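Here is a friendly tour of a small set of structural details, grouped by topic. Please have the viewer open as you read.

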Amino acid sequence: MLQLDTQQDCKEAIKESLTYRFSSVAQFILLMERKSYDCRQQQDKISLYKHGTKQGTLTLSDLTQRLAEYRISPGEISRIRALILKYK
């Protein structure tokens, strides 16, 4: 009926999730689960399922490369501390 390309939707969801800042694989999996994907981590990849069928995969090496780029700047640390103190 509806000609939806679910695998293309999965690729777009992965691309969008990679724009967020996260510091662990578990945080990335939570992002994908919020988008209604069932994530199954296997040896060297994460498989994404939706509606009971496999929609896509992401290698852990790609994800760990993205995690290695994650850095918190000193200015951001002070901004977070100020927020915590303000609403403490």
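The notes below go through the core, the rings, the cysteines, the strands and one helix residue.

Keep in mind that this is a predicted model. Its largest nonpolar core has 16 residues, and helix 2 (25–34) is among the elements that give two or more residues to this core. The structure holds one aromatic pair and zero disulfides.

**The nonpolar core**

- Which residues have the most contacts inside the largest nonpolar core? They are Val25, Phe28, Met32, Ile46, Leu48 and Leu63.
- Two or more residues of this core come from each of helix 1 (6–17), helix 2 (25–34), strand 2 (45–50) and helix 3 (60–68).
- Helix 2 is the element that gives the most, with four residues.
- Leucine 63 is a good place to start looking: leaving aside residues up to four places away in sequence, leucine 63 touches Leu18, Phe22, Val25, Phe28, Ile46 and Leu58.
- As general background, nonpolar side chains in soluble globular proteins tend to be buried together.

**Rings and charges**

- The one aromatic pair is made by phenylalanine 22 and phenylalanine 28, with 5.6 Å centre to centre.
- The planes of these two rings are 45° apart, and the pair is tilted.
- Are phenylalanine 22 and phenylalanine 28 buried or exposed? Both are buried.
- Phenylalanine 22 also has a charge over its ring: the charged end of arginine 66 sits 5.1 Å from the ring centre.
- Tyrosine 49 has arginine 40 over its face, at 4.0 Å from the ring centre.

**The cysteines**

- Why is cysteine 39 in no bond with cysteine 10? The two sulfurs are 8.6 Å apart, which is too far for a bond, given that a disulfide needs sulfur atoms within 2.5 Å.
- Cysteine 39 is the cysteine whose sulfur is nearest to that of cysteine 10, and cysteine 10 is in no disulfide.
- Cysteine 10 counts as buried because its relative accessibility is 1%, and the cut-off for buried is under 20%.
- Cysteine 39 is buried too, with a relative accessible area of 12%.

**Strands and hairpins**

- Strand 1 (residues 38–41) pairs with strand 2 in the antiparallel sense, over four bridges.
- Three residues make up the hairpin connection from strand 1 to strand 2.
- Across this pairing, aspartate 38 has tyrosine 49 as its bridge partner in strand 2, while the partner of arginine 40 is serine 47.
- Arginine 40 therefore appears twice in this briefing: bridged to serine 47, and lying over the face of tyrosine 49.- How many bridges join strand 2 to strand 3 (residues 53–59)? There are six, and the two strands run antiparallel.
- Lysine 45 stands opposite threonine 59 in strand 3.
- Strand 2 and strand 3 form a hairpin with two residues between them. In that turn, histidine 51 has a positive phi of about 60°.

**A residue of helix 3**

- Alanine 68 is found in helix 3.
- Alanine 68 counts as partly exposed because its relative accessibility is 46%, and partly exposed lies between 20% and 50%.
- The C-alpha atoms of alanine 68 and serine 24 are separated by 9.8 Å, although the two residues are 44 residues apart along the chain.

Definitions and conventions
Residues numbered from 1 in each chain as written. Predicted model: local features only at pLDDT ≥ 70, side-chain atom pairs only at ≥ 80, totals over all residues. Heavy atoms only, no water. Core = buried A, V, L, I, M, F, W, Y, C linked by side-chain atoms within 4.5 Å. Buried < 20%, exposed > 50% of the residue type's maximum accessible area, 1.4 Å probe, protein only. Contact = heavy atoms within 4.5 Å. Phe/Tyr/Trp six-rings, centres within 6.5 Å; stacked < 30°, edge-to-face > 60°. Lys NZ or Arg CZ within 6 Å of the ring centre and 35° of its normal. Pairing = 2+ DSSP bridges.
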